[in-house]
2 protein chains.
Amino acid sequence: MPAPDTARTTLEVGILEAVRPPPAEEAKMARIAADLVARCRAAAEFFGARAEPKVVGSFEKKTQLKGADLDVFLLFSVDTPLEALKELGVKIAKSVIDEGETRYAEHPYLRGRIEGVRVDVVPAYKVASAAEMRTAVDRTPFHNEFVRERLAPSQRDEVRLLKAFLRGVGAYGSELRVQGFSGYLCELLVIRFGGFEGVMQAAAGWREGPALSVEGTVPTEVLHTARRDFGEPLVFIDPVDPSRNVASPVSLDKLALFVFAAREYLRDPRPLFFFPNPKRALTPTEIREAAATRGTRILGVTIRGSPEVDDVWIPQLRKSERALSKLLTTYGFTVARSDVQAGADGGEPVLFLFELTASHLPSANKHFGPSALHENARDFVEKWNGRPGQLSKPYVEEGRLMVDVTREFTDAADLLKDRATSVAHGKGVADAFAERFDVIELDDAAREPFTGRTSAFLQPGLPWQF
Amino acid sequence: MPAPDTARTTLEVGILEAVRPPPAEEAKMARIAADLVARCRAAAEFFGARAEPKVVGSFEKKTQLKGADLDVFLLFSVDTPLEALKELGVKIAKSVIDEGETRYAEHPYLRGRIEGVRVDVVPAYKVASAAEMRTAVDRTPFHNEFVRERLAPSQRDEVRLLKAFLRGVGAYGSELRVQGFSGYLCELLVIRFGGFEGVMQAAAGWREGPALSVEGTVPTEVLHTARRDFGEPLVFIDPVDPSRNVASPVSLDKLALFVFAAREYLRDPRPLFFFPNPKRALTPTEIREAAATRGTRILGVTIRGSPEVDDVWIPQLRKSERALSKLLTTYGFTVARSDVQAGADGGEPVLFLFELTASHLPSANKHFGPSALHENARDFVEKWNGRPGQLSKPYVEEGRLMVDVTREFTDAADLLKDRATSVAHGKGVADAFAERFDVIELDDAAREPFTGRTSAFLQPGLPWQF
């Protein structure tokens, strides 16, 4: 394990001041955590559950950024049936958190707020090793244990710098809304490369995403084939479970952004990488002007929001964004860029945005037939013999039969209005589309509640350049 | 050699009546030919040339259609230097043809008209076998000899039917304007398949262009690899020179058209295949209406005509048509169809036509940079830092850096006006473009002298369907 890098620059010292939780926050979190553990233990006893509360997450590892949340696991004995774990877990959690909100990952957990701190209470199994894990969350305590053991106290601030950097460039967080680097991945990277500077130097040298591991945790031959085996842009093999890629959520774009940002930062370190200026919020008038300058057509599609958790809802929205883009291109329109954003909270409508370079097409459309040498050639000519919408007789081009026909949709908005429900949506999004959807033009996309999202869509860029 | 097919249908008998030269024409041709040969012989003697005149071509083979031309070769002794052959050849030819026009293939020859019959007088070498040939035309007498020997007199009308059919479907003629079947290829096909019906049956069965030969003229192993060796849509190995593909000029489209026409004809034989109705000549108003229905943009580019022979000029025009289409698509416009036609004679202007489904593009254009992981990534970001025409900051998409920039040409006509001279033209076309070219809109393309060509362009189709 390389030695931690303690020769911090003035900039990094300043950043740490800003992102490290102040002593008062640490003390308050510790108090809340201890109280919560005590109350969980009492509740477990009251409900007759064989469950042990345990603080996990970044607070426990002491790598948290200012304002972090608190994770308490209820570790159930492995002889508890899964149904009982779910039921008792929620009962215990509800008894310790007022006005908690039940959320769903693999099984239900409770999210609430205590004195302004976000708290998650998560039931899991207490297994002897990660290999015996029963549910996806059972692994977490082992992550904590590993980091506790391998991360030197002096490296905790290194992790904080890395997290703050990734947050600044928009690549922090493994949730599907971000598709970036999890806190655990940040810790592993610091363990692997010694410190913030070491991680940055390493990343700056990546010409493609590498396959990484913590020394001594993975056989060399596994690592050698890991890039191919996992097939993901970046691979970091979980030291507590070699079958798992901790970097699995990292998208190609977020990896590329991080690598490029690391190079740029090392060349010219500036606070802007940690604390970028927000994109300027354009007014509706400015949005219309920006779109006019681009000369493209901006079309929006809106559906209602959903109370489903991001990890379920966001991938569905992404899938629908791809399906709607495909619909447009299949019908001959040209999509330059697209995006989908759920509203600030589940209640606001979802907005799909499409920037089109060709949104109006001529009536005439080439309809491709078989090769003129194919045995079906005559069926084609027989079929296209004065059909409605036929604009030419069949003809031969590049050896194939062709006929010019009237295009079904000459305006992209008409296509979306007619066909948006019929593409392959996920279940929740399909329901929302079935209830109601609207195809909106730029004027409406520029108005509230969409102003911010359309404004951001029209100002793509690297976060530290704003 | 299969037996000639003599069981003609009433339709075929009628067609033959219409296309076979009447006895009076045969007699006149024979008289002109005999006279020409006598005069050539006298002139050769007068100029001291060791050259023997010889009638070749379809008239000599008795496979000609009504109104065929007359080919007379001047077969020079092989000890005549090439320069002397050229000089003496033209001298002799000019002395026998009044107002002849010198044309150029591999070397000059003379084209003229005698009593309304088109006559070509062509100097060549008299070689002992096709293998010893010195110039491309030396092969022709051997073609005549082969056909005379292998084509039965009863098969001559079979050749005429095939020629007439191919002419009807627009695939007769090896010249680059047509890219179809030469007269010699028609003769070989009839020799190979016995008769018109046999050729049609064979063609109807082709799922791809076959490699053919006359039985006994080509080793089997040569034939087996011929399709790959020649790499052309249709292969018929020249019985007098196995290194040559007689079907080499046949384009994929003309092959496909013939095969499909053969199937259609066998299913329902109609005179329309031999004598299609001409496409209706649309009036300028009808042309504008047809274009409006299609909703596409029709752009024309005109240059002056050229006195060069078709075989030189037409491939250059085709090349320029492809280069201009490429120019349009490179700049983001969508070309649905294009065409180029020289005027009815060399004096009329050339018209390039382009049908565009996207002829106006928005200002915003994506400019693709390197992968964000590439070492040049920073150069890209440094370069695109508020340049003129820059519409966005650099951003990452699919792992690559991108920037939105102002498109150089948003109107296809402006692009053609600015850049039509700068694409890769052949020499003659480049000269014509340098002198002057015009980019014209539909209104002008609908007017004379372009009405007929634009009218045909807007009515693609299979010839026998009009």
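This is a short tour of the contact between chain A and chain B, followed by one helix of chain A.

The model is predicted, so local features need pLDDT of at least 70 and side-chain atom pairs count only at pLDDT 80 or more, while totals for chains, interfaces and linings use all residues. Residues are numbered from 1 along each chain as its sequence is written, chains are lettered from A in the order in which they are written, and side-chain values use heavy atoms, leaving out hydrogens and water.

**Stop one: the interface.** Select both chains: 49 residues from chain A and 49 residues from chain B take part in the contact (heavy atoms within 4.5 Å). The buried area (accessible area, 1.4 Å probe, lost on putting the two parts together, summed over both) is about 4300 Å², with 60% from carbon and sulfur atoms.

**Stop two: the charged pairs.** The interface holds six salt bridges (a side-chain nitrogen of Lys or Arg within 4 Å of a carboxyl oxygen of Asp or Glu). Now pick A:Arg294 and B:Asp404, which form a salt bridge whose closest N and O atoms are 2.5 Å apart.

**Stop three: helix α13(A).** Select residues 310-330 of chain A, a DSSP run (H or I, at least four residues, for a helix). Its 21 residues should span 30 Å at 1.5 Å a residue, and the end C-alpha atoms are 29 Å apart, which agrees (the expected span is 1.5 Å times one less than the number of residues). Among its buried residues (under 20% relative accessible area, 1.4 Å probe, protein chains only) are A:Trp313, A:Leu317 and A:Leu324. Show β9, β10, β11, α15 and α16 of chain A too, as they are among what covers them. Finally, just after α13(A), find A:Gly332, with a positive phi of about 100°.

Terms used
Helices (H or I, at least four residues) and strands (E, at least two) are DSSP runs, numbered from the N terminus. Buried means under 20% relative accessible area, exposed over 50%, partly exposed in between (1.4 Å probe, protein chains only).
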